[in-house]
Amino acid sequence: MSASESPLWPHCAHGADPAADPVGCRGIHVPGHTACLAHLADADRDAYLASLTPGASIDHRGTTFSEALIYALLNALCDPTTGKARLGDAWFTSATFEGAAGFTSATFEGAAGFQSAIFERDAEFSAVTFEGNAWFASTTFKDVWFTSATFKGSTWFGAATFKGNAWFESAIFKREAGFTSAAFEREVQFRSATFERGAGFETATFERGAGFEAATFKIDTRFRAAVFRNVAWFESATFDGDAKFESADFKGDAKFESADFKGDARFASAVFKSVAWFESATFERATEFEAAAFKGDAMFESATFMGRAMFESATFERATMFESATFENAAVFRSATFVEAASVGPLVCAGRVVLSGAVFGGPVTLSITTRSLECRRTRWSSTAEIRLRYARVDFAHAVFEYPLTITAEHDPFVLTDGRQLAEDQCSSAPDPRVRVASLRGVDAAHLVLSDLDLSGCLFAGTVHLDQLRLEGACIFDTTPPAGHWRRWPPVRFTKRRALAEEHHWRASQPGAVRGWNVAVLGAGRAGPLQLAPVYRALRKAFEDGKHEPGAADFYYGEMEMRRHADDIPRSERGLLTAYWALSGYGLRASRALAWLGTTMLLTIVLLMAFGLAQDTPKQTATGTVPVGGGRVTFEIDKGAPQNPTGDQFTAKRFEKALNVTLNSVVFRSSGQDLTTAGTYIEMTSRFTEPILLGLAVLAIRNRVKR
């Protein structure tokens with residue numbers, strides 16, 4: 001109501017001046033009179049007050065009360081049995097209280113209307129009981145006390161202005177409490193207050209400290225777009241309903257230590273310009289911090305998140321403390337920004353931790369116990385270390401410009417106080433092994449992997465894979481064990497390291513044997529053309545790490561992919577097939593030795609059957625003796641070896657054939673008399689058997705060298 005507007009009720013008009021104040025006093029007429037209570041004649045005022053009884057309804061809208069006048073009014077309504085004032089419907093809309101207003105312990109049995117009232121000095125409502133609705137909308141208070149007040153009906157403080165301190169300690173709000181757009185210019189205390197129905201503080205402004213310690217909010221609580229210009233205390237507060245702080249602005253410290261959020265906790269787009277304290281807080285349902293801005297330290301030590309925790313697009317500009325935090329559901333930090341976080345964790349998450357699209361601006365250590373860690377397109381702008389337990393990690397298309405280490409921890413994390421991090425949420429997992437699901441699209445030039453399970457990892461599309469550093473016991477998948485019948489011939493795989501993508505490709509081929517793992521959803525399709533360079537790069541990485549036996553497995557995989565690729569000529573494929581069949585690409589000594597033994601046995605059999613002469617030809621000498629003496633000339637000749645007849649497979653012939661074969665292996669001549677066929681058999685043996693022996697020696701060397 002503006003100064004020039006007349007009120008809606010019949011008003012006193014005392015002191016009206018057509019030039020200065022045409023309305024005059026706005027106090028409502030006392031029943032039976034044409035003046036308000038403040039301007040009523042003394043005798044008439046005394047008569048009116050004497051007519052009042054405890055519990056009577058009163059209407060003094062627009063009236064100006066001195067301290068003495070409000071005391072007299074309440075004294076007239078005092079119940080002699082209790083010594084406390086009892087009011088029925090009480091209307092003080094637009095009233096002005098020039099002195100202290102003492103309503104202590106009064107009971108408003110009906111509606112209480114203080115809309116647009118002005119309390120120029122202290123307003124005392126301690127231990128007051130409001131049985132009906134209470135309206136304080138647009139009311140202006142200096143210092144006001146509602147300590148231990150009970151609001152049984154709905155309560156509205158919308159757009160109220162608290163110029164001094166406001167105390168609501170231990171107040172009880174049994175129905176809705178509305179503080180929308182209220183302005184608290186100095187300290188306000190709701191310590192131990194109870195809000196049994198909805199509490200609305202939307203767009204309220206708290207200029208000084210706001211204390212809600214141990215307050216209980218039984219239904220939804222709304223602080224949307226509220227502004228806390230100083231410290232906001234919510235320690236040990238209980239929110240039985242949803243707690244809504246969307247777009248709230250905490251310019252001072254925000255303290256929620258040990259707070260219990262039994263409903264949804266919504267801090268979307270909230271701004272914490274100083275320290276945000278959520279230590280030991282309990283979030284029993286969904287928690288939303290999407291797009292929240294933590295400009296000071298974010299303290300979540302020992303916090304418990306029972307529902308889904310959403311920190312999507314949140315910004316953490318300083319320290320981010322989640323030590324000993326527990327997430328019983330998913331923890332989503334998608335597209336979050338960590339500007340100066342030195343460490344995150346150790347924390348435990350029974351669901352998955354999502355860091356996809358997150359950005360880390362400084363050196364950071366992540367210590368996480370979780371079932372799943374998703375880091376797709378995550379960016380690290382400085383050095384980082386990720387220490388994990390139990391996790392399955394998806395690192396596809398992650399970006400890091402400096403060294404980044406991913407390591408598996410064998411023992412539970414140790415907290416700063418020396419205790420071990422409790423891992424009850426992951427106790428059902430078979431082991432704390434860390435499995436990497438994908439490194440696709442990653443530049444591995446600065447990546448270090450330590451003690452990880454890479455058996456299911458997707459490598460196709462990884463850049464600079466040859467510079468990847470593998471430390472500790474990094475495990476790859478292996479080929480199916482033992483032999484398998486696939487009609488004819490039988491298939492047998494020698495155990496070796498194999499990529500998950502080779503498993504997927506082989507499992508997709510017609511007639512694939514059992515034991516190759518089928519591709520999971522999202523694994524894509526990588527064939528021999530794509531996998532050969534991957535095997536080649538990993539081979540080089542192992543060689544640079546002086547792990548020659550491991551490099552040999554990847555060389556075998558590379559050759560296998562080349563042999564099955566579609567882009568090589570048939571002649572080259574045939575050559576590779578022969579190389580594979582004879583010696584497993586120079587890596588299978590047993591295969592080369594088997595072929596060597598087979599070749600030697602065949603050589604022996606052929607020599608015994610066709611190569612050794614029937615008998616050793618004897619030399620004969622012929623000459624002429626001149627008559628009368630003189631020089632004698634002899635011609636030495638040897639008969640041609642005869643093809644064997646009769647029993648060729650005798651012990652003596654076996655010994656000779658073995659001698660010829662053994663000499664052929666070391667590329668020597670045995671000196672045995674051979675038939676024409678035997679000569680060609682020996683020549684072939686001297687060519688093939690040393691090659692097979694060399695392949696066997698090469699395979700052994702590749703397996704034992706360091």
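**Exercise 1.** In this predicted model, describe how helix α3 (residues 500–507) and helix α5 (residues 548–564) pack, stating at what angle and how far apart their axes lie.

*Solution.* Begin with the quantities needed: two packed helices are described by the angle between their axes and the distance between the axes. For α3 and α5 the angle is about 35 degrees, and the axes are 12 Å apart. Next comes the handedness, and here α3 passes α5 in a left-handed crossing. The residues that make the contact are E502, W505 and R506 on the α3 side, with E560, M561 and H564 on the α5 side. Sorted by character, the residues of this contact comprise three charged, two nonpolar and one polar.

**Exercise 2.** Determine which residues of helix α1 (residues 42–51) are buried, and how they are arranged around the axis of the helix.

*Solution.* The buried residues of α1 are R45, Y48 and L49. Viewed down the axis of α1, these buried residues fall within an arc of 95 degrees, so they line one face of the helix. On the other side of α1, the exposed residues are A43, A50 and S51. The cover over the buried residues of α1 includes β1 (58–59) and α2 (67–76).

**Exercise 3.** Establish whether S324 is buried or exposed, and do likewise for A225.

*Solution.* S324, in the loop between β47 (320–321) and β48 (326–327), has a positive phi near 65 degrees although it is a residue other than glycine. Its relative accessible area is 16%, and because buried means under 20%, S324 is buried. A225, in the loop between β29 (221–222) and β30 (227–228), is not a glycine either, and has a positive phi of about 60 degrees. With 31% relative accessibility, A225 counts as partly exposed.

Definitions and conventions: Residues numbered from 1 in each chain as written. Predicted model: local features only at pLDDT ≥ 70, side-chain atom pairs only at ≥ 80, totals over all residues. Heavy atoms only, no water. Axes fitted to C-alpha atoms, helices over the stretch in contact; angles between N-to-C directions. Helix = DSSP H or I, 4+ residues; strand = E, 2+ residues; numbered from the N terminus. Left-handed = near helix turned anticlockwise from the far one by under 90°. Contact = heavy atoms within 4.5 Å. Nonpolar A, V, L, I, M, F, W, Y, C, P; charged D, E, K, R; others polar. Buried < 20%, exposed > 50% of the residue type's maximum accessible area, 1.4 Å probe, protein only. Arc of directions from axis to C-beta.
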